Each structure stands twice: as structure tokens, then as C-alpha cells.
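Trainee: Could you take me through the charged side-chain pairs of this model closely, and then place them beside the metal site and the main pocket? I would like to follow the reasoning as well as the values.

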Amino acid sequence: MAQNKNGETPIHTLDLNFMDTPGAIASYLIPHEHGAVLVECGPGSTVPALKNNLQAHGFKVTDITDVLLTHIHLDHGGAAGWLARQGARIHVHPVGAPHLIDPEKLLSSAARIYGDLMQKLWGEFLPVPPEKLAVPQDGDVIEIGKLRFRAVDTPGHAYHHYVYIFEDICFTGDVGGVRLDSVRHLRLPTPPPEFHLEIWRESLNRLMGEFSHGAFQRIAPTHFGVFSDAAWHLAELHKALDDIEAWMEAVMPADPSIETIHQEFMSWTEQRSLNQGLDPNLIRAYELANPSWMSPPGIERYWRKNRKPTDG
Ligand SMILES: [Zn+2]
């Protein structure tokens, strides 16, 4: 029942219609013999959309046995506590796990970034009861019925980041960048406090290694969709990291204020997209899926900690 006639497991892309914008945040639904798995569950604010999507595929929330989170940022895992209360087991990176049990630090750091918009953007964030957490180690295979997911440690966007390799797909969370449906354009989310260029490159090299050994053929970033041109996508990811590095090396040595970094980064990002042929109408969707204004503080922090020569 869980397989289609080609013997492949169906994977349904659920559009959580974040902030009334289609194609910004996905949750991936994979049925199995005793229910279904979600890879990512979106924030608390999109729970109604999640329910509707599940219903459209013939599932109730209580049919969700397992949720695999790539990382704990609110747009990926904000609804995990709520799903755990409906019976789901939540799989998460060891570094992220304590923050799901006790989200106070996570929420106060998010509140510093989002201020008054917290509730509107993210809705309710409930803690995950410890008995509902599963914490795989790097390389572990998560077995759910006949389904097999391999967790691969991939920091760089955040320290607590896994990708999950499932059959011929790699669910890349945010480390695979942001690429909207049917568009050949990639952006990198580099938020504080954990964006780290070199660590991200190491993770990308690891993904390239997996890909060249045939571990997957398709790539599925949470923002947004399943793409079959993984080779192009991974190469583009390399370029995007190089572009950000070149931008930082051009702008940051002058020790600009955060306001200047913000201004320069926003206009550079937009211009880069337009130069690459992105339809200007899609810029808003990219900005919702990955708000560019979150990146300058991440870049500033990375530069100050890792690249700035220490005084004296
Ligand atoms: Zn993230």
C-alpha cells in the first residue's frame, strides 16, 4: 500500500502556504504501512494548513508516527511539540534536542530577531516531551516500518543540522540553500548565530561525496520542492558560497556598521538574483522563504569571530 506501481515510495510535498504565500515552506509527507512520516513540520502558525494538507491525502494528524527535523529553526520545527502531543515521535540532531525539550533560549533568541512579529509569523511553540524525542547520531539509519532514512551531519547554516537521505532523495533543510519551485536560482540563508562559511563548505563537500557515490539523485530543500537536477543544484551551492565569500571579502575588511552591511547585502542580493534572470515577481516569495535581512547579522557575527584580525 505504501508503494506506487513503480515500486517507489510516494513523497508528497505539502505546501504550508506560509503567510498566505504558496511555495515558501514545505513539509514532506511519506506514507508507510502504519501511518505516515513528515520530514519537517513547519511552524505553529501553519498547523491549520498542515491539517488541511494531510486531510487532502487521506491522513489525520494522529496518523503521523514520526517527524524528522533537519534543524530546529522555527520555520522547520516550530510545530514539533504540537505534533508530539498528537502522538508523533520527533527525530532531531543531538545539539537541537535540548532546545525542543526546553525552548526558552530558542524562543528568546528568536524574539530578539522577530520582535512583535513572533506570534504572527510562528504561532505557538510547544516543548517536546523527552519521551517523544529520538536523537539519531551522524550516519544512523532511522527505520520506520519499511522506510529507511539516513541522518547526515551537515552544519554550516546551523550547528544542529542534519540532512536525511531517503531512497534517491536528499532532504536538505537549509544547508542545501533556498530554491523556489521550478526556478533555477539559489540563495543561501546565513542567519545568526551559527552561519559558518568553511563549515558549510565541508558539509557541501560531504553531500557532493554522497551524490557522486550515488547515494541520492534528487534534492529537496524545505524552501521548496523536489528537484531532479541535484548535480546542478550542488554546483550552484558551491558558487553561492563563493559569491558570499567574495562579497564578504570586498565589504567586511572596512569594518562597516551593521546598517551598512545590511544595506549593501540587501541590494547585492537583489541584484545578484536579477543578474541571474530571476523574475522580479518572485523576489517577494524568496524574501518570505528566506528573509534576506536575517543574513547580515549572521555574516557580521561570522566575520567578527572567524575572519577579523584580532587587534593588538
Ligand atoms: Zn534554518
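Mentor: Let us start inside one helix, where Glu236 and Lys239 both lie in α8, 3 residues apart, which is about one turn of the helix. The model is a predicted one, and what follows should be read with that in mind. Glu236 and Lys239 form a salt bridge in which the closest N and O atoms are 3.5 Å apart, inside the 4 Å cut-off for such a pair. The two partners differ in their surroundings, because Glu236 has a relative accessible area of 8% and is buried, whereas Lys239, with a relative accessible area of 48%, is partly exposed.

A wider set of charged residues comes next: Glu198, Arg201, Asp242, Glu245, Glu249 and Arg307 are joined into one network by salt bridges that share partners. Two members of that network, Glu245 and Arg201, meet through their side chains in a salt bridge of 2.8 Å, N to O. Since Glu245 belongs to helix α8 (residues 230-251) and Arg201 to helix α7 (residues 197-212), this pair ties together parts that are 44 residues apart in sequence. Both Glu245 and Arg201 are buried.

By the same rule, the count for the model comes to 18 salt bridges. Another of them brings the side chains of Glu33 and Lys146 together at 3.1 Å, N to O. Here the partners sit in loops, Glu33 between β2 (26-32) and β3 (35-39) and Lys146 between β7 (141-144) and β8 (147-153), so the pair ties together parts that are 113 residues apart in sequence. Glu33 counts as partly exposed because its relative accessibility is 32%, and Lys146 counts as exposed because its relative accessibility is 67%. The general idea behind such contacts is that side chains of opposite charge can pair when their charged atoms come close.

Turning to the metal site, the zinc ion has as its protein donors His71 (NE2), His73 (ND1), His157 (NE2) and Asp174 (OD), which lie 2.1 to 2.3 Å from it. The angles subtended by these 4 donor atoms run from 88 to 174°, and therefore the arrangement is irregular. Along the chain, the donors follow the spacing H-x1-H-x83-H-x16-D. Because His157 is in the loop between β8 and β9 (162-166) and Asp174 is in the loop between β10 (169-173) and α7, that pair ties together parts that are 17 residues apart in sequence. His157 counts as buried at 2% relative accessibility, and Asp174 likewise counts as buried at 3%.

The last part of the picture is the largest pocket, which holds about 850 Å³ of space. It is lined by 39 residues, and those closest to its centre are His73, Ile113, Tyr114, Pro192 and Met294; His73 is also one of the zinc donors. Two or more lining residues come from each of α2 (74-77), α5 (104-114), α6 (118-122), α10 (283-289) and α11 (295-306), and α5 gives the largest share, 7 residues. By residue type, the lining divides into 23 nonpolar, 10 polar and 6 charged residues.

Methods: Residues are numbered from 1 along each chain as its sequence is written. This is a predicted model: local features need pLDDT of at least 70, side-chain atom pairs count only at pLDDT 80 or more; totals for chains, interfaces and linings use all residues. Side-chain values use heavy atoms; hydrogens and water are left out. Helices (H or I, at least four residues) and strands (E, at least two) are DSSP runs, numbered from the N terminus. Buried means under 20% relative accessible area, exposed over 50%, partly exposed in between (1.4 Å probe, protein chains only). Donors are N, O and S atoms within 2.8 Å of the metal (3.2 Å for Na, K and Ca); water is not among the atoms, so sites may look incomplete. Four donors count as tetrahedral if all angles lie between 85 and 135 degrees; four count as square planar and six as octahedral if opposite donors are over 155 degrees apart and all others between 65 and 115; anything else is irregular. On a 1 Å grid over the protein atoms alone, a cavity is a set of points where a 1.4 Å probe fits but cannot get out, and a pocket is an open set with protein on both sides within 12 Å along at least five of seven lines; lining residues have an atom within 4 Å of a point. Grid points are joined across faces, edges and corners, and a volume is the space filled by probe spheres set on the points. Ala, Val, Leu, Ile, Met, Phe, Trp, Tyr, Cys and Pro count as nonpolar, Asp, Glu, Lys and Arg as charged, and the others, Gly among them, as polar.
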